[in-house]
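Me: I am new to this structure and would like a close look at one part of it, together with its surroundings. Could you take me through that part carefully, and say how far the model can be trusted along the way?

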Amino acid sequence: SSGINAEYGGGSAGGYEGYHGYSSVPQQVASGCPYTDVALPSPQAYSMSKICKARLFFVSAPGKIGQEVLSDVFCRFSDLIDIQIITGTAYGYIRYGIKESADAAKMLLDGANVAGNVIRLSFADDDNSGNKRAKTDHPMI
């Protein structure tokens with residue numbers, strides 16, 4: 001695990017030094033992603049599985065980031081399932097089949113400049129987490 005910092009640009013994203021044991025990370029940094037100055041792994045194939053293990057919520061400012069750009073940036077972490085942009089907005093969801101991929105993407109890209117926009121990432125609430133109010137079948141009175 002001594003090569004992890006070198007693989008990700010020396011830990012410049014803050015805190016990568018303590019992140020070890022992620023075996024799905026490619027061993028080479030891409031020569032450069034045209035949409036960001038963050039050192040990223042080489043592009044990976046999309047996941048064959050549709051079982052989501054982690055979902056990131058993203059928001060970009062000051063503008064929107066297109067599907068093609070987001071796909072190129074986030075496919076560099078293995079087991080990307082899909083990216084859903086909420087129509088007409090600058091936010092959406094990124095789903096991964098491996099939680100460690102979402103962890104690595106968040107660690108490296110939260111607050112990064114992507115295609116001239118700052119992108120913020122957070123883990124989305126799990127729909128089954130129990131944190132949401134129960135739905136009721138009766139009409140509001």
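Reply: In what follows, two residues are in contact when heavy atoms of the two lie within 4.5 Å. What is shown is a predicted model, and the part to look at closely is the strand β1 (54-61), together with the loop that comes before it.

The starting point is I51, a residue of the loop that links α1 (4-7) to β1 (54-61). Apart from neighbours within four places in sequence, I51 is in contact with I81, Y96 and G97. The C-alpha atoms of I51 and I98 are 9.0 Å apart in space, although 47 residues separate the two in sequence. I51 nevertheless counts as exposed, because its relative accessibility is 55%, where exposed means over 50%. Next along the chain, C52 has a relative accessibility of 31% and therefore counts as partly exposed.

From here the chain enters β1, where the side chains alternate between two faces. A54, L56, F58 and S60 point to one face and are buried, whereas R55, F57, V59 and A61 point to the other face and are not buried.

β1 belongs to an open sheet of five strands, with antiparallel pairing and the order β2-β3-β1-β5-β4. Because β2 and β4 (113-114) stand at the edges with a single partner strand each, one side of each of these two strands has no neighbour in the sheet. β1, by contrast, is placed between β3 and β5 in that order. In general, the strands of a sheet pair through backbone hydrogen bonds, and the pairing may be parallel or antiparallel. On one side, β1 runs antiparallel to β3, and six bridges join the two strands. Two places on this side can be picked out in the structure: R55 stands opposite R95 in β3, and V59 stands opposite Y91 in β3. With β5 the pairing is likewise antiparallel, over six bridges, and here F57 has S122 as its bridge partner.

Helices meet the sheet as well. α2 packs on the sheet and touches β1, β2, β3, β4 and β5, and the direction of α2 makes about 150° with that of β2. α3 lies across β1, β3 and β5, and runs at about 145° to β5. Within α3, the residues S101, A102, D103, A104, A105, L108 and L109 are buried, and the buried residues of this helix pack against β1, α2, β3 and β5. After α3 comes G111, which has a positive phi, near 90°.

These elements also share in the largest nonpolar core, which has 26 residues, and F74, I94, Y96 and L109 are the ones that touch the most other members. Two or more residues of this core come from each of β1, α2 (67-74), β2 (80-85), β3 (91-96), α3 (99-109) and β5 (117-123), with the largest share, five residues, coming from α3. In soluble globular proteins, nonpolar side chains tend to be buried together. As an example of how such a residue is surrounded, L109 is in contact with V38, L40, V73, F74, F77, I119 and L121, leaving aside neighbours within four places in sequence. Y96, one of the core residues just named, is also among the contacts of I51, which brings the account back to the loop where it began.

How confident is the model, and where is it lowest and highest? The chain has a mean pLDDT of 77, and 67% of its residues reach 70 or more. By element, confidence is lowest in α1, with a mean of 37, and highest in β3, at 98, the strand that pairs with β1 over six bridges. Over residues 1-31, pLDDT stays under 50, and the model has 56 contacts beyond four places in sequence for this stretch. Residues 128-135 also stay under 50, and for these the model has one contact beyond four places in sequence.

Set in the chain as a whole, β1 is one of five strands, which occur alongside three helices, and the elements follow the pattern α-β-α-β-β-α-β-β along the sequence. Of the 141 residues, 39% count as buried. Among contacts with a separation of 6 or more, 65% are between residues 24 or more positions apart.

Terms used:
Residues are numbered from 1 along each chain as its sequence is written. This is a predicted model: local features need pLDDT of at least 70, side-chain atom pairs count only at pLDDT 80 or more; totals for chains, interfaces and linings use all residues. Side-chain values use heavy atoms; hydrogens and water are left out. Helices (H or I, at least four residues) and strands (E, at least two) are DSSP runs, numbered from the N terminus. Buried means under 20% relative accessible area, exposed over 50%, partly exposed in between (1.4 Å probe, protein chains only). A nonpolar core is a set of buried Ala, Val, Leu, Ile, Met, Phe, Trp, Tyr and Cys residues joined through side-chain atoms within 4.5 Å. pLDDT is the predictor's confidence in each residue, from 0 to 100. Two strands pair if DSSP finds at least two bridges between them. Axes are lines fitted to C-alpha atoms, for helices over the stretch in contact, and angles run from 0 to 180 degrees between N-to-C directions.
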